[in-house]
Amino acid sequence: MYPANFDYQKAASVDDAIKAMSDNPELKIIAGGHSLLPAMKLRLAQPPALLDIFNLEELKGIKEDGDFYVVGAMVTHADVMRSKIPLFPEVAGWVGDPMVRNRGTIGGSLAHADPSADYPAAALATGAEFVIRGMGGERTVGADEMFLGMFESAVEAGELLTHIRIPKGISSSVYEKYRHPASHYAIVGVAMARHADGQIRAAYTGAAEKAARLPKLEERLNAGQDAGTGLVEGADMLGDRFASAEFRAHLVDVLSDRAAKRLG
Amino acid sequence: MNVTVNVNGKPYTRDVEPRTLLVHFLREDLLLTGTHVGCDTSQCGACTVHIGGEAVKSCTVLAVQADGLDVKTIEGMGTPGDLHPLQTGFWEKHGLQCGYCTPGMIMASAELLKHNANPSEEEIRYHLEGNYCRCTGYHNIVKAVQHAAEIMAQGEQAGQAADD
Amino acid sequence: MTSNSGESRTDKYFGQALKRKEDPRFITGAGNYTDDIVLPGMLHAAMVRSPYPHAKINGINKDSVLGMPGVEAVLTGQDIVDAGIGSIPVGWLLPELKTPAHPAIALTEANHVGDIVAVIVAETRALAEDAAAMLEVDYEPLPSVAFAGAAIAEGAPVVHDDVPGNVAFNWEIGDATAVQEQFNVAHKTVKLKLKNQRLIPNAIEPRASLAQFTPASGEYLLYTTSQNPHIHRLILAAFVMNIPEHKLRVISPDVGGGFGSKIFQYQEEVIMLLAARLMGRPVKWTARRSEAFVSDMQGRDHETETEMAVDKDGKMLAFRVNTLANLGAYQTLFAPAVPTYLYGTLCNGVYKLPAVHVKVQGVMTNTVPVDAYRGAGRPEATYAVERTVDAMAHAIGEDPAEFRRKNFIQPEDFPYQTPVALVYDSGNYEPALDMALNMMKYQELRAEQERMKGSNKILGVSVISYVEACGLAPSALVGQLGAQAGQWESSLVRVYPTGKVELFTGSHSHGQGHETAFPQIAADELQIPIEDIDLVHGDTGRMPYGWGTYGSRSAAVGGSALKVALQKITAKARKIAAHLLEASEEDVEHEGGVFRIKGAPDKSKTFFDVALMAHLAHSLPDGMEPGLEATAFYDPKNFVYPFGTHIAVVEIDTDTGKVDLRNYGCVDDCGPLINPLIVEGQVHGGIAQGAGQALWEEGAYDEEGNLLAASYMEYTMPRSDDLPMFQIDHTVTPSPHNPLGVKGIGESGTIAGSSAVANAVLDALWVECGIEHMDMPYTAEKVWKAIRASRAGMGQAADD
C-alpha cells in the first residue's frame, strides 16, 4: 500500500516535460495516476522519478478545429462523459467508476494501451488521430497505427501524447461492453460509429492483446447485411479463468450484433 | 516536500515524502481517520473524499498532487448536531452496519446528488458501483440516498446542502 | 404471523424500528477502528509472507535489511521459539483429531501462500514495507496440494508430516444402516455431486492489531479487530503467550465487519504482543487487502456427494451425505466444528426424514486455513439438502414448492428429534412458505417462465426452505461435542445514582447494532427512556467475562443474559421502592415508568428515586446491600432454530450466459423482532453474501495452492449494481426456551441465500435445457457453454 519512494516534480509545460524525459530516461509520466499508482502501491511498478503532467493547461479542454474535435490528453473521463464529442461519452461512462472517472484521463488511458481498456475501441471506430510530441517535434498517428500490442502504443519513450483528434460528422455511434465481473474492465467491448460518408467503422477491445478493427463486420454492415458470426478468430483471443478465448470470440459476435441493431 | 492542502476549509502544511498517498496524509499526518482504507487496488471506495468538489479515491492521489487544492472529507460534511442530509439519510434508513464503508459511500453519494437531485434506484446503483459494502447488500444505501434527495428537495437543510 | 411472544407485552421499545444509537459517530467519520488508534512512540510492523504454497525455510538473512532506514528489528520463527511462545491452539476437538502445530511465525516450513515467515518492525509503515520487500529469505519450494480430493489421493504431497495422508479427522453422524435400508425399498433415488466453493469473507475493514507492554506492571494492552475479545485474551494468555490472564487487556474497538473472519486467534496478534515486549514500544500492524486475501481465514470448500430416496408418494425416506472438507494448511479456532457439528447436524433440513447419515473427512491442504464464515457449515448443509430436494422434485415431476410442503415437519411434531442429533424445539414451516409464494406471486412467475422459454432471456425461480441452529450454545452439550470453551453469555447492568444506566455484554457488535437493540430490551424492563442507557462492549477491562459474537448468538444468548440481569435490577428496585413507599413488595407495581402502590396511584417512586436511594443508602430494607448493579451468566438450554422460505428469481441472457438476480424475496422466522430495521439489514446483507457465492465469488486456487483470486480485481464481490431491492417479511414463532423468545438472524440470509440463488439458476437451466446440476458460482461462460451444449443437442454439460 506504500509505494517505493521516488522523486517527484510537476512539469511546467509539455516542452519542459519532454526535455525532462530526454534528460532522465527513467522518468515516468504520471497523469491521473489510475493505472500507475495502483501498480506502485503493490510495488509492481517502482519508478525512481515521476513527472506530473496532470495540471498542464495546454493538455486540458476540448476544442474544435475544422472537422475535428481536439481533446486534450489530460481531459478526465468525467469531462469526456459530459462532452458532445461522438461515441467517447458513452464509452467513458463504462470506464471504472465515478471516482476513477473524476481523476483518470483520456490521454493517460490511450497512451497506456491496456488491452482491456474501453477507449481504444472508440478511437478505432471513430478514426481518431493522436497528436504525439517528442524532442523531434510533433507527429500525428492514426488510430489504426496507435495500438501496437499489450500495453504498447505508438507513443515512444521520451514522447507525450498531447491531443486526440476525433472527427466530426459521425451521425450515430454505440458501445456494447461485457464487463469483467470483478475488475469491471472490458472482457469484450465493441464500438461502432457511422461516419459522415455513411460508412460504418467498428472495433473491439478487451478480447485480444490489443484493440483492433473488425473488418469482416464493417464489410457486412456496410453491405447492408447482418453482423453475423465468426467475426474474429478464437485463436487470436486472450483467455483466462473468467473468459476463454472461445468465449471472448463469441462475445465479439454477440456484442457486434447488439451494437449493429442499436446503431440502426 | 512541503505541501499545503486545504482540508475541510482549513490549510494544513506538512513535510511529506512524495510517495505519501492523500489518504495516508489525511489519516496519519492530520489524524482525520474518518477516511478509511479497504483495499490496495483502488477499488473499494472506502477512501473517497472530494477534491475541488469532485469525488476521488484518496488512495490513488499523491498528497503532493493535492498541494494547494481543496479537500473535503467526511469530517467536513456535518456534525452530530448539524448533519448533512446524506448523513441523516444513512442514519434514518439504516444505510450502514459496521460503518467502515460509510464515509466513502456518503462522499460518493454527495457527488451524485450534486449532479442529479432526484436519482432513480438504477442511477444510484450505477453511481455507487465503485464503493463496496459487505454489510447492507446496498438495499438500505439506495434508500438512504433517496431519502437524502427528498430532504434536500424539501430544502429542510438547504443551508448545508448548498455548500457541498 | 403465527403467534406472538406469548407474554402480553407492554413494550415501548422492543419491536420498534429505532434508528441506531451508534450511528452518529459512524456517519460523521468519528468511528474508532483499530488502525485509527495512535499510541505515543508507536512502531509499525510489516509481515513477510511466503510466496510459495509449501516451502522449506533454509535461512533468513536479517542483515539484508537491518541497516535500512528506520528498521528496528526483524523477527523470525526462532524468536517465537526463544520467547517460549506456544502453538496457536484449536478450540474444538474431535475424536482422534490430528492438529499440526501452528506457530505464530513459521520456523522451518511455510505451509500456504501468506504464511508468515518474518516480521519487520520499523519507525513507519512505509519503512517497514520497504524492508519487507527487501528481506532475503532462502526458500526451498516443496510439493504442494490445494484441493481436498487431490490431497487424499495416493501419493499426494503431504502438508504436515504428522498428518499422514492429509486426513485430520473422519467424522460421521446418523445411522448408515438405517439409511441403506430405506434406499433398499425406495421408489426413486437421486444422486448429486456438489462443490461448495472456497469463499473469502472480505470484511471491508482489514484486520489490524496494536499492542503495548508496560514493563513496570507486566501489563499488556492489545487493540485488535476481534469479534470476541475475551476468547482472544484466554487463548493468548493461557495457551500461547503464558501471560497472567488479568495482565492482558484486549480491546476490540469499532470493528468494520467480521462475518466470522475476526473470531479467530491470528498469528499477527501474537506477534504484536511479542514485538511490543521486545521493543519496549507499542507496535501496530494493519493488513493490506492483498494480505487479507492470503491470511484471513476463508470459508466453505466442500466436495460433496448427496443421495436422496423417496417412496412412491414422494415422501422422503432417507438422505445420505459424504463430504470432503478442505481445512487448509492449519486448523484454527472452530475449524473442526464447522464442517461437522455445524454442518452434519443440519443435513436434515426442514423435512421429516426417517434416516439421515453424514460422513465428513477433514483434509489438510496448502491453502489459507478454512474456518467459520457467515453461516459456517449451515449454508453448506442447506445447499446439500436443498439442491438435492430440487433434483428429486425434478426427478419425480413435482413442483419444488409442493414437494417441500408435503415433506415438512409439521407443527405438532415439535419438539422434533432429527436423525442427526438436533432437537428442533419449535417451528411452523408452511406459513412461511405460503407467505413467500404469495409475496413473490409464484404462479405468475411460473407462467412468465413458460412464456420466456426458448427465447434469449430465460427465467429461473427457486423456492427453498431452511432451518438453522444458532444461538451458540448450551455449554454442557457443546462440551460433550468437543468445544474447549463454554458458550454461555454474561451481562452486567450498572445503574448510577442519577438513574443513568450502562449495560455491559460479552457479545460484540461489529455492525449488528447491539448498542441500540440491547438498550431497547433494557429500556422496557427498567421503564426508563432509552436515552438514559448505553451499551459497553469489546473491552476485557470493562466487561464481565463473555464469549463474543458468532453463530448468531448475541440476541438469543447475550440478550437473554441481559434480560436476566435486568430482572435482578427490577427485583431489587421494587424492594427499595416498596420500602420507600412503606408498602409490602407485593403491593407495589412497576408501570408507566414508576413504582407505585396498587390502588393508590398518587403514591409512587421513579426509577431515579430508587437508583438514588440505592446509592445513598440512607434508607434501605433491612439487610439489603447498597448499590444497584447486577450480573447474569446465562447458559441457553438449547440452540435456537430460525427457519423460513426464500425465493430467488433470475434472468439468464442465453447469448452471453450472464445471470441477473432480478428479484429476491424471503419470509424468515427469527422469533420476536427486537428492532425490525436492524433485522432487515441483517437479512439484506446475508442475502447479498449468499447471492455472492451463487453468482460471483470464488476463492480460486491453482492445484498447487496459489490463490488466483487474490484481489478485488479477481475476486468478485457483489457491487451496488449487481443486486435488486429485496422483499422481506416474517413469521414469529418464539423460541420456547429463552426469556426473550428471540432467535438469531445474522446468518439466515447467507444460509438460505446461496441455495436460493443457485436453485433459481438451475431451475432455469432445468426447465430450458434439462440440466440437473452445475457448481457455483454461475459465471457467464459456464452458463453459456451449458446452454449451448444443450441447445446443440449435446445433452448435459454438467461437469463443465
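**Figure 1. Surroundings of A122(C) in strand β5 of chain C.** In this predicted model, A122(C) belongs to strand β5 of chain C, which spans residues 116-122; strands (E, at least two residues) and helices (H or I, at least four) are DSSP runs numbered from the N terminus. A122(C) counts as buried, at 0% relative accessibility, where buried means under 20% relative accessible area, exposed over 50% and partly exposed in between (1.4 Å probe, protein chains only). Apart from neighbours within four places in sequence, the residues in contact with A122(C) are L43(C), H44(C), G70(C), V71(C), E72(C), L127(C) and A128(C); contact denotes heavy atoms within 4.5 Å. The C-alpha atom of A122(C) is separated by 63 Å from that of L580(C), a residue 458 places away along the chain.

Conventions for every view are as follows. Residues are numbered from 1 along each chain as its sequence is written, while chains are lettered from A and ligands numbered from 1 in the order in which they are written. Because the model is predicted, local features need pLDDT of at least 70 and side-chain atom pairs count only at pLDDT 80 or more, whereas totals for chains, interfaces and linings use all residues; side-chain values use heavy atoms, with hydrogens and water left out.

**Figure 2. K743(C) in a loop of chain C.** K743(C) is placed in the loop between β29 (726-730) and α19 (748-769) of chain C. With 4% relative accessibility, this lysine counts as buried. The side chain of K743(C) is joined to that of D669(C) by a polar contact of 3.3 Å, and the K743(C) side chain also reaches the backbone oxygen of T733(C) at 3.0 Å. A polar contact is a pair of N or O atoms within 3.5 Å; within protein, one must be able to donate a hydrogen and the other to accept it, and residues adjacent in sequence count only if both atoms are side-chain atoms. Not counting residues up to four places away in sequence, K743(C) touches further groups, including S426(C), A555(C), Y641(C), F643(C), C670(C) and S735(C).

**Figure 3. Helix α11 of chain C.** Helix α11(C) covers residues 400-407 and is largely enclosed by the rest of the structure, because 6 of its 8 residues are buried. The buried residues are P400(C), A401(C), F403(C), R404(C), R405(C) and N407(C). At the start of α11(C), a side-chain oxygen of D399(C) comes to within 2.8 Å of the backbone nitrogen of A401(C).

**Figure 4. Cysteines C347(C) and C666(C).** Over all chains the structure holds 0 disulfides, a disulfide being a pair of cysteine sulfur atoms within 2.5 Å. The sulfur of C347(C) is too far for a bond, because the closest cysteine sulfur, in C470(C), is 17 Å away. C666(C) is likewise in no disulfide, its nearest cysteine sulfur, that of C670(C), being 10 Å away. C347(C) is buried at a relative accessible area of 0%, and C666(C) is buried with a relative accessible area of 0%.

**Figure 5. Interface of chain C with chain B.** In this interface, 54 residues of chain C are in contact with 49 residues of chain B. The buried area is about 4,500 Å², with carbon and sulfur atoms giving 57%; buried area is the accessible area (1.4 Å probe) that two parts lose on being put together, summed over both. Between the two chains there are 6 salt bridges, each a side-chain nitrogen of Lys or Arg within 4 Å of a carboxyl oxygen of Asp or Glu. D130(C) and R19(B) form a salt bridge, with the closest N and O atoms 2.7 Å apart. Polar contacts link 28 residue pairs (both at pLDDT 80 or more). The elements giving two or more residues to the chain C side are α1 (23-27), α4 (125-134), α9 (289-295) and α18 (676-695), and α18(C) gives the most, with 8 residues.

**Figure 6. Interface of chain C with chain A.** This contact takes 28 residues from chain C and 23 residues from chain A. The area buried is about 2,100 Å², of which carbon and sulfur atoms give 49%. M713(C), R719(C) and E781(C) supply 24% of the area that chain C buries against chain A, more than any other three residues. The rule finds 7 salt bridges across this interface; R241(A) forms a salt bridge with E714(C), the closest N and O atoms being 3.3 Å apart. Residue pairs in polar contact (both at pLDDT 80 or more) number 12. On the chain C side, α4 and α20 (780-791) are the elements that give two or more residues.
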